[in-house]
Structures are given as structure tokens and as C-alpha cells.
Amino acid sequence: MAESEIFLDHVTRNVSRENKKRSSDTTREEWTRKREYILSLLGYTVGLGSLWRFPYLCNKNGGGAFLIPYFIGIITCSVPLFFLEITISQFSSRSAAHVWVLCPLFKGIGISQVFACSFGSVLYNVIITWSMYYIYTSFWSVLPWTTCDNWWNTPLCVNRLGNVSSINEIHANTNVVDDRLFYSAWRKSNVTLTASEEFWQYGTLRVSSGIDNFGSVQVHLLLCNLASWVVVFLCLMKGIRSVGKVVYVTALVPYILLTVLLIRSCMMPGAIDGIVYLLRPDFSRLASVQVWLEALLQGFYSTSVTYGALITMSSYNNFNNRPLKDVVLVTVIGEASSVFCGLVVFSTLGFMAHQAQIPISEVVSSGSGLGFIIYPEAIAQLPVSQLWAVLFFLMLFMMGIDSMFGLTETTIAGIIEACPKYLQQRRMCVTAGVCLLSFVVSIPFVTEGGIYLFQLLDWYASSFSTLLIGCLECVVINWIYGSKRLGNDIEMMTGRRFPVLLKILSSYLTPIILFASLICSLFLYDPPSYGEYIYPEYAKVIGIMVAVVMSLPIPITFVYQVVKGKGSLCERLRLASRPSPEWGPSRADDR
């Protein structure tokens, strides 16, 4: 018998055996309605970064001019990867951990994505923990970040930004500082601190002097952390059947709250100045390489590609769903949401600067400083401030919990698909186990030194691995699996061919841009910081090790697949690059 016939017979037997195995497993779930899938994608992609990172970067890098490189990054990097991820997962009905059987040589991509989601869910839930505590304190008769007569306040406290006259009489050489000051700097310098700063640092975080002093567990944050994981468990315990219902609230209500906040902010003096400050274009900034790099990276991160959650959520799609429409719809709404969030934030900052009689540049911030210091202080100046505080932090909570669904489901699906015959019926137990373990892992983040650990790991955890995975996805799918074969798969599902523009972008331009961005990031990447706090060298080493561990499964599985093969090195590489017999549609008829 000819060698080709032997190989064909071998493949046929393997495919037949795999068909019987998959058909004997529990039938995979599908989204009940298409809109539940779309809302889940929107809830995942429109996260807290849209609210407190995009507006800051836009203002910092040229205002309206920043949108030019930003949208170029969306079109050239995010959209092609978005389409590739949805396509391969919908075709195979496999989550991120198992979809890479399309090229066993790079199975490690899926493992790295599960690592990124598992680790990311822990970090993300810390932010939700803070939001829950602020929701609780928003019901107090007096908002705790508005006064300086609480047990956590220091003699340097002033009620609000710009109110420094009494302190300046004592320390004539001091100035109001931004929200990024840290504990030890506050103790070494005679500076004024707003009540909102002190509530964040001393009343909520109760920060220690540095990462080498973790201190005790903060019970109030521990309870909020536990409550947030309970909410995640309740929403995910029945899989997409429960998530599909929850997203009607968690994905849509934030838009309602954002609209209410924008209308209320625009009614206050100075709001229009803030919006103009955000959007005023400075085209000279486009000559900076750093601006283009930050725009491309923000555009890349804004759709949350390469983390694996998009793959997992799309694996529950109907086999004949048309992915291109979903990509365009979610991308357009998601990026419009980022701009909308920018208007909400800067209209409020404009009002705040007007009240304090200081330039808007002195109140502009990003990250937790915006969400838990600057914005609460602005809310405190509105009538019925408790109501607006509850609405704002409820919005933060919902935007965060939406993203948690995708991250946590990727971990859960990866575990269940490893042994679906036994674990699919025990999904609730698997979900409880994942949430419980994640809660235990997150305990160090609710200690007095937890904020330093959070900032360090958030700095390194996915910065490099996401760019690397994005580059590898383009190479593996278009060059090893083959764009022609992918085109046949797309035609089988939808009756239409692989869009030519997306094929060209994902095959050539996207991997080149991502690889160049990865190299630039390695050279331009700043060390981690928390305000003025300088991390010790050993902490930076730990952060780098975390970044390496996130990507380590890729070379390990590569070497393993080569070593376990037979024949020469070239033969082993060729065989390990072919799709495994497990690859293909889940339904036997389609296979």
C-alpha cells in the first residue's frame, strides 16, 4: 500500500474515533439568543479601561488628534485578530484552552491564555472589591471622603482640591499634589492632602510603607472581595444560560448610568471647558513615536483580544453564525463607548476645576486615582451627592463584573473541556472551586501592602504576553494552519469566503505591527510605580518572572511536541504542525 494511502487510512480511523468520542460527550451549550452573545461581548470589551484609561491617554497624547492613530490601531490590529479568534472558536466549538489543536505545536498559546484570564480575573476582582466598599460607604449620611474629622485623617487634610489656604499659612512652600502620591512620600513631605485622597489611602486601603510590609488583612476589603466572588459564582454557575440573562442588566445599565451622569455633569459650570480640553486636537503630537505606540496598544487592548475570553464566548455560537457582522458591531459600539466615557469623565473634571479655580490639567488623572479619588471628590460637590455616588460606583461595579464573566468562564471552560463527559454535569462544582481558589489567591491584595502588589503584577502580568500571543495567532492561523484552509472553514460555516482585506491584514500587516510594538515596548517600557514610590529591585525581578511565566507554556509545549514525535526534526515539526484529529466542527454531520 502506498505511503499516502497508509497516512489517509490512519487519519480516517482517527477522525472516525474522534467523532464517536465527541458525540458521546455531553452536547455543548449554545447561546439561547444572538443578542445575549453580543451583550456578553460588549460587557467584556467595554471595561474599566474605557472609563479611566482611554480618556487620560487621549488628553495626554494630542486630544482629538490621538483618535487618528487610535483608530488605525483598531483597524489594523484589533479587528483582524478579533475576526480570527471568533472564527476558529465558532468552527470548532472549543474554548481558548483547547482550540489550538488546530496546530498542536502551539497548544501552549491556549494554556498561556488561560493563565492570563485566571490571573487577570483575580486582579480585576480587586477593583470590584474597592467599588463594592465605596458603594457601601455611599449610603452613609455624610460621604466619608468629604470631611477631615475622621479617624483616618491627618493634620495635612483639606476638604477638597484647591482649599489649601490654612495649610499654606503654616507651610508656605507646599503645593497641592496629584493623586499619585504614596504613603511614605506623604510622611516625608509636608504636603496637603484632600479628604478623598486620605479616605482612599488611609480609610479604604490603609496602606503600609511599601511592598516589603504587607501588614494585616483588611477585614472590610476581605468581606467585599468574598461578596464579589459570590456574585461571580451565582452568575456563572449555570454557564451561558445564567450569564445570558444577567448581561441584560450588567451590559445595558452602565450606558444608562453614564448618560445620566453626562447630562448631570453638563448642567454644571465648567463642564463644556472639560470636554473641549479633552477633544482639542494637537497634531504636533503625532510626530512622536511614543504617541503612536500608546495609541496602537490602547486600540489593541480596547477589544481585549488575545486573552482567550473572546474565543471562549464565541465557542458557544451557532455553527452557521456570521462572525464578521459581530466583529464590526461590537467594535463600533465598543469604541464609541470609549469616546462616550471620555465625555463623561472630562465634563466632570471641567466642573471640578471650575469649582477649585485651578487649571484642568491639575485634576486630570488615570486608573484608580480617577475612579476613587478625583471623581468621588467631584461627585461630593453635586446636590444629593449620595445618590450620584451610588450610581457612579454601581456603574464601576457592573462594568467590572461584566469583564469578569469572560475571564472566569475561560478558566472554567478550559477545565470542563479537559474531561467533558464527567465535568459538564458537575459544572456548578467546578465553578465553585474556581471562584473559591481565586478568592484565596486574592487575599494578599486586601492587606495593607496589597495595593503595591496589585500595581506591580498588573504592570507586568499581560503587557508582553498579549502582544506575543497576538503575533503568534496571526502566524499560526494564516501561515501554518493556512489562510486558504481557514477560508474553506469560513465558507463552510457562512457560505462566504474569507474577506480579502482581513486576510491581507492578518497575514502581513498585523503581525508586523504587533512584533514591532513588542520590541518597542521592551525598550520603552517604564519600571512599575505607585505614585512616587520606588519599587525595590527584587520586586521588579518578581514582576519580570511573572511576565515570563505567563508566556512559558508556549515554548514548553513546542519542545514537548517536537520531542515526543518520531522521525527527523523536520518530520516532527511538520507532523506537529498539522491539525490533530480532534480539530473540526463539534457536530458529526459537519465533521
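A nonpolar core is a set of buried Ala, Val, Leu, Ile, Met, Phe, Trp, Tyr and Cys residues joined through side-chain atoms within 4.5 Å. Keep that idea in mind as we walk through this structure, which is a predicted model.

**The whole protein**

Let's start with the broad view. The protein has 591 residues, and 58% of them count as buried. Its secondary structure consists of 26 helices and 4 strands. About 24,300 Å² of surface is accessible, and carbon and sulfur atoms make up 65% of that area. If you take the contacts with a separation of 6 or more, 83% of them are between residues 24 or more positions apart.

**The core**

Now for the inside. How many residues does the largest nonpolar core have? There are 171 of them, and those touching the most other members are Leu51, Trp100, Trp130, Phe372, Phe392 and Phe393. Helix H18, residues 385-418, gives this core its largest share, with 17 residues.

Leucine 51 is a good residue to click on. Setting aside neighbours within four places in sequence, leucine 51 is in contact with Leu258, Cys341, Val345, Leu370, Phe392, Met395, Leu396 and Met399. One of these partners, Phe392, is also on the list of core residues that touch the most other members.

**Two crossing helices**

Next, find helix H6 (residues 108-137) and helix H9 (residues 195-205). Their axes come within 12 Å and cross at roughly 100°. Angles of 65 to 115 degrees count as roughly perpendicular, which means that H6 is roughly perpendicular to H9.

Which residues of H6 meet H9? They are Trp130, Tyr133, Tyr134 and Thr137, and on the H9 side they meet Phe199, Trp200, Gly203, Thr204 and Leu205. Sorted by class, this contact has 6 nonpolar residues, 3 polar residues and no charged ones. Trp130 appears here again, having already been named among the core residues that touch the most other members.

Is H9 mostly covered or mostly uncovered? H9 is mostly covered, with 11 of its 11 residues buried. The buried residues of H9 include Glu197, Glu198, Phe199 and Trp200.

**Two residues with positive phi**

Just after H9 comes arginine 206, which has a positive phi. To see why that is worth a look, here is some background: most residues other than glycine have a negative phi. Glutamine 357 also has a positive phi and is not a glycine. The table puts the two side by side.

| Residue | Phi | Loop | Relative accessible area |
|---|---|---|---|
| Arginine 206 | near 55° | between H9 and helix H10 (219-236) | 25% |
| Glutamine 357 | near 60° | between helix H16 (323-356) and helix H17 (368-379) | 65% |

Exposed residues have over 50% relative accessible area, and buried ones have under 20%. Glutamine 357, at 65%, is therefore exposed, while arginine 206, at 25%, counts as partly exposed.

**A long-range pair**

Finally, look at isoleucine 333, which lies in helix H16. With a relative accessible area of 30%, isoleucine 333 is partly exposed. How many residues apart in sequence are isoleucine 333 and valine 46? They are 287 residues apart in sequence, and their C-alpha atoms are 9.0 Å apart in space. Not counting residues up to four places away in sequence, isoleucine 333 touches Leu42 and Tyr255.

Notes. Residues numbered from 1 in each chain as written. Predicted model: local features only at pLDDT ≥ 70, side-chain atom pairs only at ≥ 80, totals over all residues. Heavy atoms only, no water. Axes fitted to C-alpha atoms, helices over the stretch in contact; angles between N-to-C directions. Parallel < 35°, antiparallel > 145°, perpendicular 65-115°, else oblique. Contact = heavy atoms within 4.5 Å. Nonpolar A, V, L, I, M, F, W, Y, C, P; charged D, E, K, R; others polar. Buried < 20%, exposed > 50% of the residue type's maximum accessible area, 1.4 Å probe, protein only. Areas by Shrake-Rupley, 256 points an atom, 1.4 Å probe, with all protein chains shown as cover.
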